[in-house]
Amino acid sequence: MQFYFVRHGTTLINQEAKFNGGGVDSALTDAGRQGAVALGDYLSDISFQSCFSSPLPRALRTAELVLARNTGPTPPIQQCESLREIDLGDWDGTVIETHRGTAGFDDYFARPDRFNAASNHGEDFPHLISRGKAAILSIFQRSEADDRILVVSHGVLLTTVMNSLLGVALKDVRSTGTIDNASVTILSTDDGTHFHNLAWNVTPVKDQTPD
């Protein structure tokens with residue numbers, strides 16, 4: 001079974017260098033839409049048996065744009081609440097730099113094992129990873145061995161969950177840097193527990209943005 005993990009295209013909030021967590025949403029920018037279309041072209045020959053998306057509009061719109069470029073029959077987009085981005089509490093929608101030096105800021109980016117979510121009334125990384133992995137296991141259990149599954153979600157959730165699926169320790173799940181907007185990472189599994197990296201952070205249109 002192969003999972004195609006896609007991060008949504010760039011949004012207005014990304015462009016404004018603000019925290020873009022699970023409690024906020026904004027429209028894709030022109031570059032965000034173009035990135036999703038380019039990714040759709042890149043994946044156009046892949047036959048997906050199912051598609052699961054975060055319920056946030058930026059992810060749903062990205063899923064729509066990617067599937068619209070597919071050359072074969074496409075599955076319906078199924079919304080999955082557990083694929084929603086990390087809850088950043090008081091930080092959500094605020095300018096990232098305004099929080100530099102405050103409690104929890106450095107650990108959020110560099111040491112997720114030490115991050116205390118009470119500092120921003122948000123969600124901690126163990127909970128984020130637990131719900132994300134549970135979603136992937138549930139999808140695995142409902143799918144066939146040879147299925148290709150499109151999963152559209154968010155930068156922090158996907159980066160941390162995918163690294164965890166590959167056996168990376170909690171303290172290091174952000175050490176690879178957040179995956180790019182409109183990128184795809186492909187992981188395979190035979191049992192829903194052990195995963196192998198087939199392609200990481202492939203981005204047809206490079207568009208680096210903050211979390």
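**Close-up views of a predicted model**

**View 1. A17, a residue in a loop.** With a relative accessibility of 30%, A17 counts as partly exposed. Welcome to this predicted model; our tour starts in the loop between α1 (12-15) and α2 (30-42), where A17 has its place. The phi of A17 is near 55°, a positive value in a residue other than glycine.

**View 2. The open sheet and its strand order.** Here we meet an open sheet of 6 strands, arranged in the order β3-β2-β4-β1-β5-β6 with mixed pairing. At the edges are β3 (77-79) and β6, each of which pairs on one side only. From one strand to the next, the twist averages 20°. If sheets are new to you, it may help to know that their strands pair through backbone hydrogen bonds, either parallel or antiparallel. Strand β2 (residues 50-53) and β3 run parallel and are joined by 3 bridges. Within this part of the sheet, C51 stands opposite I77 in β3.

**View 3. Two helices packed on the sheet.** Helix α3 (residues 57-68) packs on the sheet, where it touches β1, β2, β3 and β4. The direction of α3 makes about 140° with that of β4. Helix α5 packs on the sheet too, touching β1, β2, β4, β5 and β6. For α5, the direction makes about 140° with that of β1.

**View 4. Two cysteines without a bond.** How many disulfides does a search of the whole structure find? The search finds 0. A disulfide is a covalent bond between the sulfur atoms of two cysteines. For C51, the closest cysteine sulfur is in C80, and the two sulfurs are 11 Å apart, too far for a bond. A disulfide would need the sulfur atoms within 2.5 Å. Is C51 buried or exposed? C51 counts as buried because its relative accessibility is 0%. C80 is buried as well, with a relative accessible area of 15%.

**View 5. Helix α6, enclosed by the rest of the structure.** In helix α6 (residues 155-165), 11 of the 11 residues are buried, so the helix is largely enclosed by the rest of the structure. Among the buried residues are G155, V156, T160, M162 and L165. What covers the buried residues of α6? The cover includes the strands β1 (2-7), β4 (148-153), β5 (184-189) and β6, together with the helices α4 (105-110) and α5 (125-141). After α6 comes G167, whose phi is positive, near 90°.

**View 6. T185 and N201, a meeting in the sheet.** T185 has its place in strand β5, and N201 is found in strand β6 (residues 195-202). T185 counts as buried at 0% relative accessibility; N201 is buried too, with a relative accessible area of 17%. A polar atom of the T185 side chain lies 2.8 Å from the backbone nitrogen of N201. Leaving aside neighbours within four places in sequence, T185 is in contact with several residues, including F3, Y4, F5, M162 and W200. The C-alpha atoms of T185 and S153, which are 32 residues apart along the chain, are separated by 12 Å. The phi of N201 is near 55°, a positive value in a residue other than glycine.

**View 7. Confidence along the chain.** The protein averages a pLDDT of 95, and 97% of the residues score at least 70. Over residues 207-211, however, pLDDT stays under 50. Where pLDDT is low, the predicted coordinates should not be read in detail. For residues 207-211, the model has 23 contacts beyond four places in sequence.

Notes. Residues are numbered from 1 along each chain as its sequence is written. This is a predicted model: local features need pLDDT of at least 70, side-chain atom pairs count only at pLDDT 80 or more; totals for chains, interfaces and linings use all residues. Side-chain values use heavy atoms; hydrogens and water are left out. Buried means under 20% relative accessible area, exposed over 50%, partly exposed in between (1.4 Å probe, protein chains only). Helices (H or I, at least four residues) and strands (E, at least two) are DSSP runs, numbered from the N terminus. Contact means heavy atoms within 4.5 Å. A polar contact is a pair of N or O atoms within 3.5 Å; within protein, one must be able to donate a hydrogen and the other to accept it, and residues adjacent in sequence count only if both atoms are side-chain atoms. pLDDT is the predictor's confidence in each residue, from 0 to 100. Two strands pair if DSSP finds at least two bridges between them. Axes are lines fitted to C-alpha atoms, for helices over the stretch in contact, and angles run from 0 to 180 degrees between N-to-C directions.
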